[in-house]
Structure formats: structure tokens, C-alpha cells
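Biologist: Could you take me through the charged pairs and the main pocket in this one? I have the sequence and the coordinates open.

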Amino acid sequence: MTKYILIGGYIWKAPDGGKALCEEFVKDLNKSPIKILDCMFARPKESWEDKLEEDRIFFSKYINNVSLEMADPDFFVEQVKSADIIYLKGGETKPLIDILNKNPGWADELDGKVLAGSSAGGDVMAKYYAVGKTGRISGEGLGLLPIKFIPHWQSETFDEYDIAWDKLYEGLKAYKEDLPIHTLKEGEFEVIWK
């Protein structure tokens, strides 16, 4: 069984700064150190080192004895095998899906692990998703969870885009098959066991 954690985006925008999410990451793991595989495939490669350092500071604030490793597109399956938590960081969904698809079998290694996805990372986990910034149904994730997902729900971050959130929700609801729709605001998260 795998513990999936959907994250609406911007963990640090949670009222507690992300503490409850970090506690949820490790709640069912009785290991030390906890190995987190930090997957930044949704972001430009030149930012990976800086983002890894930001995440190292963030996670060590709330998780004792944590080991953070940067995901490598060339060794991703092997890295997933040895990780306790795989964290799919947000950014652009398509590059993330493309790199994950070039690593067949990685999802077969998730049993007994935590897979957490923030924003684009959650899009990947869902069967279908919508992106608030564009205000449209963007398509298909990898379908690890039989759900539809809208991250950054009603976020002020996207006010400049003048998003009709209810219209976006209804559009996703009508898109292809009937599946539960999960909407998460900045910093919100939801746990799904599968």
C-alpha cells in the first residue's frame, strides 16, 4: 500500500508554515534517517541545486534526522527503490510527466512508501487535472489516483489571471469520465491510501 499526499501548492503558505504536512510525511515511517527523494523535474534544471537547498532547510526544520537526495532523471527508478518519501515538487506539469514516462517502472516501486505531489506533482498523480493559471482543463496525468485535481484552488497568487474557478471546476467535472474532484488551496494537503 502506498500513501499518496496531494498538496495544493506552496507548502509554506499553510497557516503552520508546513509543519503538519511534514509530520504527515513521516507519520507512518519508523525509520531513521528518513530518506526523501526530492524530484524537481517540473522546474528548470538550472534551479535544482538552489531548490534542493531551500527544501533541505525547510524539511530539517520539521523532520528530525532527514536525508534529502536530488532526483536524477538517469537513475530515478533506482533512487525510488531506496527512498522512503518521493516528493514531486511543483512547476510545469508536462516536463515532469515527460521525464517520469522515460523511467518506466518507477511507480511499481512505491509500495510501502510515501508519494507526495505539490501542484504539478499532484497533477501527475491524478488521472485528469486543470491549471488555474491558464483557466483550462489541461489534460491527463499518469492516473496513479483515480481522481481529477485542481491545485492552487482559489489562490490569490493567480488573481492577475482573473480565473473563473467555478467554471474551471465545472469544466473539469464534465471532462471525460466521472471521477471525484479534489481541490486544494495553497498549503492544504490530503492523504489517500492506495
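**Salt bridges and the largest pocket**

Modeller: Lys-89 forms a salt bridge with Asp-55, and their closest N and O atoms are 2.9 Å apart. Please keep in mind throughout that this is a predicted model.

Biologist: Where do Lys-89 and Asp-55 sit in the chain?

Modeller: The pair links distant parts of the chain, 34 residues apart, with Lys-89 in the loop between strand E4 (85-88) and H4 and Asp-55 in helix H2.

Biologist: And is Lys-89 buried or exposed? What about Asp-55?

Modeller: Lys-89 counts as buried because its relative accessibility is 9%, and Asp-55 is buried as well, with a relative accessible area of 6%.

Biologist: Which salt bridges share partners?

Modeller: Lys-3, Glu-24, Lys-27 and Asp-28 are joined into one network by salt bridges that share partners. Within that network, Lys-3 pairs with Asp-28, the closest N and O atoms being 2.9 Å apart. That pair, too, links distant parts of the chain, since Lys-3 belongs to strand E1 (residues 3-7) while Asp-28 lies in the loop between helix H1 (19-26) and strand E2 (34-39), 25 residues apart.

Biologist: How accessible is Lys-3? And Asp-28?

Modeller: Lys-3 has 2% relative accessibility and so counts as buried, whereas Asp-28, at 43%, counts as partly exposed.

Biologist: Back to H2 for a moment: which residue does Glu-54 form a salt bridge with?

Modeller: Glu-54 forms a salt bridge with Lys-51, with 3.4 Å between the closest N and O atoms. The two residues are 3 apart in helix H2, which means that about one helical turn separates them. Glu-54 itself is partly exposed, its relative accessible area being 44%.

Biologist: How many salt bridges does the count come to?

Modeller: The count comes to 11 salt bridges.

Biologist: Lys-113 caught my eye; where does it lie, and which side chain of opposite charge is nearest?

Modeller: Lys-113 lies in the loop between H4 and strand E5 (114-118). Lys-113 is buried yet has no salt bridge, and the nearest side chain of opposite charge, that of Asp-84, is 5.5 Å away. A salt bridge requires the nitrogen and the carboxyl oxygen to be within 4 Å, so a pair can fail on distance alone.

Biologist: What lies 2.6 Å from a polar atom of the Lys-113 side chain?

Modeller: The backbone oxygen of Ala-83 lies 2.6 Å from a polar atom of that Lys-113 side chain.

Biologist: In the loop between H4 and E5 there's also Asp-111; is Asp-111 buried or exposed?

Modeller: Asp-111 counts as exposed because its relative accessibility is 57%. Its C-alpha atom is separated by 9.1 Å from that of Lys-194, although the two residues are 83 apart along the chain.

Biologist: Now the pocket. How much space lies in the largest pocket, and which residues lie nearest its centre?

Modeller: The largest pocket holds about 780 Å³ of space. Its lining consists of 33 residues, and those nearest the centre are Arg-43, Gly-90, Gly-91, Ser-119 and His-152.

Biologist: Which element gives the most to the lining?

Modeller: H2 gives the most, with 4 residues. At least two lining residues come from each of helix H2 (48-62), helix H4 (93-101), helix H5 (120-125), strand E6 (126-131) and strand E7 (136-140).

Biologist: How do the lining residues divide by type?

Modeller: The lining of the largest pocket divides into 13 nonpolar, 10 polar and 10 charged residues.

Key. Residues numbered from 1 in each chain as written. Predicted model: local features only at pLDDT ≥ 70, side-chain atom pairs only at ≥ 80, totals over all residues. Heavy atoms only, no water. 1 Å grid on protein atoms, 1.4 Å probe; cavity = no way out; pocket = protein on both sides within 12 Å on 5 of 7 lines; lining within 4 Å. Points joined across faces, edges and corners; volume = space filled by probe spheres on them. Nonpolar A, V, L, I, M, F, W, Y, C, P; charged D, E, K, R; others polar. Buried < 20%, exposed > 50% of the residue type's maximum accessible area, 1.4 Å probe, protein only. Lys, Arg positive; Asp, Glu negative; His and termini not counted. Polar contact = N/O pair within 3.5 Å; in protein donor to acceptor, adjacent residues only side chain to side chain.
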